[in-house]
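Please look through the sequence and the model below before reading on. The paragraphs that follow go from single residues to repeats, core, surface and charged pairs.

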Amino acid sequence: QSIVGCKAILIDDQVFVVVAQLFGGSHIYKYDESWTKFVKFQDIEVSRISKPNDIELFQIDDETFFVIADSSKAGLSTVYKWNSKGFYSYQSLHEWFRDTDAEFVDIDGKSHLILSSRSQVPIILQWNKSSKKFVPHGDIPNMEDVLAVKSFRMHNTLYLSLTRFIGDSRVMRWNSKQFVEIQALPSRGAMTLQPFSFKDNHYLALGSDYTFSQIYQWDKEKQLFKKFKEIYVQAPRSFTAVSTDRRDFFFASSFKGKTKIFEHIIVDLSL
């Protein structure tokens, strides 16, 4: 019911799936080979996670974690850690901020979490190797009410895409000291700004609840994203690139309609 996030985790040949739900609590399922199906393995305490909005899976020093961003007013975004028997609540990040998204990012070889929220600018937390906990490290100024944060790399440079439903979404670049804005994208009605790439072609998909969604392509010369194509998807919520041996596809999930699949084709116009 009302699933907002679903993440698969592989640990020592065991497969787990974390399912975050708005109603009925969130749960972890484990694949049972004897039953050849997933069975409930663990409940996630409702006292901590009451209105989940995102799940982010990551590893630090060969240990497995995931964080659930909680978007309720009394929410408590929480990091969970695997301890060989199950997942337990490892660290509460902060409360009362209505968190919308969590993104794990490697910045200059150090582990970070970026948390976006409805009530403050995105904050950056850095992993402290001594305490083995995340500690506040900074924020991204002038970017209130960010719905989603995605990190991506192009030509060994780290970028962020920041999604806003009202106002402009942003593309930012890490300059060895901080994230600086390189581009603003008009995005009224956007719930997702998703980076994806096929080989050396880099794109951003900007979903829209009110009009056509926009696909932008990276322009190497101008060092900016330029409009590439419009697609129509009813209330898009996520975009995913999928490649087979010879073909590349682009999935667009819909909140109100059917999921659509597009194929990425390169046409040679030199002939």
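In which strand is Q217 found? The model, which is a predicted one, places Q217 in strand β19. With a relative accessible area of 17%, Q217 is buried, because the limit for that class is under 20%. Leaving out residues up to four places away in sequence, Q217 touches N201, H202 and Y203 on one side of the numbering, and L224, F225, K226 and F228 on the other.

One of those partners, K226, also takes part in a salt bridge. Its partner there is D219, and the closest N and O atoms of the pair are 3.8 Å apart. Strand β19 covers residues 213-219. The two ends of the bridge fall into separate accessibility classes: D219 is buried at 15%, whereas K226 is partly exposed at 43%.

The loop between β18 (201-206) and β19 contains G207. What is the relative accessibility of G207, and is the residue buried or exposed? The value is 3%, so G207 counts as buried. Setting aside neighbours within four places in sequence, G207 is in contact with G189, A190, M191, T192, S213, P236 and F239. A longer step along the chain links G207 to T163: the two are 44 residues apart in sequence, yet their C-alpha atoms are 9.5 Å apart in space.

The repeats come next. An unreviewed UniProt entry lists "repeat: EAR" for residues 1-33, 37-84, 86-129, 133-176, 178-220 and 224-266. Over residues 1-33 the model has 0% helix and 73% strand, with 25 Å between the end C-alpha atoms. Over residues 133-176 the chain is 0% helix and 64% strand, and the end C-alpha atoms are 23 Å apart.

Where do the nonpolar residues gather? In soluble globular proteins, nonpolar side chains tend to be buried together. In this model the largest nonpolar core has 16 residues, and those with the most contacts inside it are F58, V79, L93, L113 and F134. Several strands each supply at least two residues of this core: β5 (52-60), β6 (63-70), β8 (87-95), β9 (99-107), β10 (110-117) and β11 (123-128). V79 shows how these parts meet. Beyond four places in sequence, V79 touches F58, L93, L113 and F134, and also F65, F66, V67, Y88, S89, Y90 and Q91.

Two of the strands that feed the core, β5 and β6, are joined by a loop that holds D61. D61 has a positive phi of about 50° although it is not a glycine. At 57% relative accessible area D61 is exposed, since that class begins over 50%. Another residue other than glycine with a positive phi is S176, where the angle is near 85°. S176 sits in the loop between β15 (168-174) and β16 (179-186).

Strand β3 (residues 26-32) leads to the surface, and Y31 lies in it. Together with L10, V15 and F38, Y31 makes a nonpolar surface patch of about 360 Å². Why does Y31 count as partly exposed? Its relative accessible area is 34%, which falls between the 20% and 50% limits. Y29 lies in strand β3 as well and is partly exposed at 25%. Two members of the patch, V15 and F38, are touched by Y29, which also touches F16, V17, V19, V39, K40 and F41, not counting residues up to four places away in sequence.

From Y29 the path goes on to a charged pair. The C-alpha atoms of Y29 and D43, 14 residues apart along the chain, are separated by 8.9 Å. D43 forms a salt bridge with K40, with the closest N and O atoms 3.8 Å apart, and K40 is one of the residues that Y29 touches. D43 is partly exposed at 47% relative accessibility.

How many salt bridges does the structure hold? There are nine. Besides the D43 and K40 pair, they include one between E45 and R48, whose closest N and O atoms are 3.3 Å apart. E45 is partly exposed, with a relative accessible area of 28%, and R48 is also partly exposed, at 24%.

Terms used:
Residues are numbered from 1 along each chain as its sequence is written. This is a predicted model: local features need pLDDT of at least 70, side-chain atom pairs count only at pLDDT 80 or more; totals for chains, interfaces and linings use all residues. Side-chain values use heavy atoms; hydrogens and water are left out. A nonpolar core is a set of buried Ala, Val, Leu, Ile, Met, Phe, Trp, Tyr and Cys residues joined through side-chain atoms within 4.5 Å. Buried means under 20% relative accessible area, exposed over 50%, partly exposed in between (1.4 Å probe, protein chains only). Helices (H or I, at least four residues) and strands (E, at least two) are DSSP runs, numbered from the N terminus. Contact means heavy atoms within 4.5 Å. Patches are made of residues with over 30% relative accessible area and no salt bridge: like charges are joined within 9 Å, nonpolar side chains (Val, Leu, Ile, Met, Phe, Trp, Tyr) within 5 Å. Accessible areas come from the Shrake-Rupley method with a 1.4 Å probe; for residues, only the protein chains shown count as cover. A salt bridge is a side-chain nitrogen of Lys or Arg within 4 Å of a carboxyl oxygen of Asp or Glu. UniProt positions are given in the numbering used here, feature names are shortened, and annotations may be inferred rather than shown by experiment.
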